[in-house]
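Visitor: I would like a close look at a single part of this model, taken slowly and set against the chain as a whole. Please choose one strand and describe how the rest of the structure is arranged around that choice.

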Amino acid sequence: MTINPDLQGRSYPAAEVYDVGREKIREFARAVKATHPAHFDVDAAKGLGHADLVAPPTFAIIIAQRADAQLIEDPEAGIDFSRVVHADQRFIHHRPIFAGDRLVAELHVDGVRAMGGGAMITTRSEIFALGAGDSREPVTTTTSSILVRGEGQ
């Protein structure tokens with residue numbers, strides 16, 4: 001199956017809420033070898049003026065990849081995940097991620113470019129923290145590029 005060029009401009013709404021827990025932050029920090037005490041010790045984070053533990057900057061990838069899954073699993077997209085190569089990932093942080101945050105991500109397909117028998121797909125995830133009522137505070141914007149290799153590649 002070939003990549004659907006009509007994906008460009010498509011958006012996927014925020015779906016599943018991701019509850020950021022202290023232990024999730026600690027586990028991620030250990031995995032990426034982030035050693036700042038504000039990732040592990042609530043008192044250290046509070047000493048810096050934060051309400052709770054602070055996630056390492058790349059923690060946002062967890063929420064972004066959940067949003068990306070909507071595209072990958074969309075049968076209309078034509079993406080065979082076994083042929084995907086992750087090409088690029090960028091983050092723009094609007095504020096840190098904290099333990100206790102309830103996060104959602106909207107996914108936007110910003111580009112689809114044919115390359116040989118495959119395609120380069122660029123997506124943008126807008127990650128928001130849910131607040132009281134229907135409020136949503138911008139947290140992070142991630143941009144990702146994946147290369148979907150063609151059948152003969």
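Guide: Helices, as the word is used here, are DSSP runs of H or I with at least four residues, and strands are runs of E with at least two, both numbered from the N terminus. On that basis the chain of this predicted model has three helices and six strands, and these follow one another along the sequence in the pattern β-β-α-α-α-β-β-β-β.

The part to examine is strand E5, which covers residues 118-130. Of its 13 residues 10 are buried, so E5 is largely enclosed by the rest of the structure; buried here means a relative accessible area under 20%. For the background to that count, buried residues make up 43% of the 153 residues in the chain.

E5 has a partner in strand E4, residues 102-115, with which it pairs in the antiparallel sense over 12 bridges. Within this pairing, leucine 107 has serine 125 of E5 as its bridge partner. The two strands form a hairpin with two residues between them, and in that turn glycine 116 has a positive phi of about 60°.

E5 is also joined to strand E6, residues 136-148, by 12 bridges, and this pair likewise runs antiparallel. Here isoleucine 127 stands opposite threonine 140 in E6. Five residues lie between E5 and E6 in the hairpin that they form, and glycine 133, in the turn, has a positive phi of about 65°. When reading along any such element, one may keep in mind that in a regular strand the side chains alternate between the two faces of the sheet.

A record also bears on this region: an unreviewed UniProt entry places the feature "domain: FAS1-like dehydratase" at residues 9-127. That span is 24% helix and 32% strand, and its end C-alpha atoms lie 18 Å apart. Isoleucine 127, already met opposite threonine 140, is the residue at which the annotated span ends.

Turning to the whole chain, the C-alpha trace spans about 55 × 35 × 20 Å along its principal axes. Among contacts between residues at least 6 apart in sequence, 70% join residues at least 24 apart. The accessible surface comes to about 8200 Å², and carbon and sulfur atoms account for 53% of that area. As for charge, the chain carries 16 positive and 21 negative side chains, with the centres of the two sets 5 Å apart.

Definitions and conventions
Residues numbered from 1 in each chain as written. Predicted model: local features only at pLDDT ≥ 70, side-chain atom pairs only at ≥ 80, totals over all residues. Heavy atoms only, no water. Buried < 20%, exposed > 50% of the residue type's maximum accessible area, 1.4 Å probe, protein only. Pairing = 2+ DSSP bridges. Contact = heavy atoms within 4.5 Å. Areas by Shrake-Rupley, 256 points an atom, 1.4 Å probe, with all protein chains shown as cover. Lys, Arg positive; Asp, Glu negative; His and termini not counted. Charge placed at Lys NZ, Arg CZ, Asp CG, Glu CD. UniProt positions renumbered as here; feature names shortened; annotations may be inferred.
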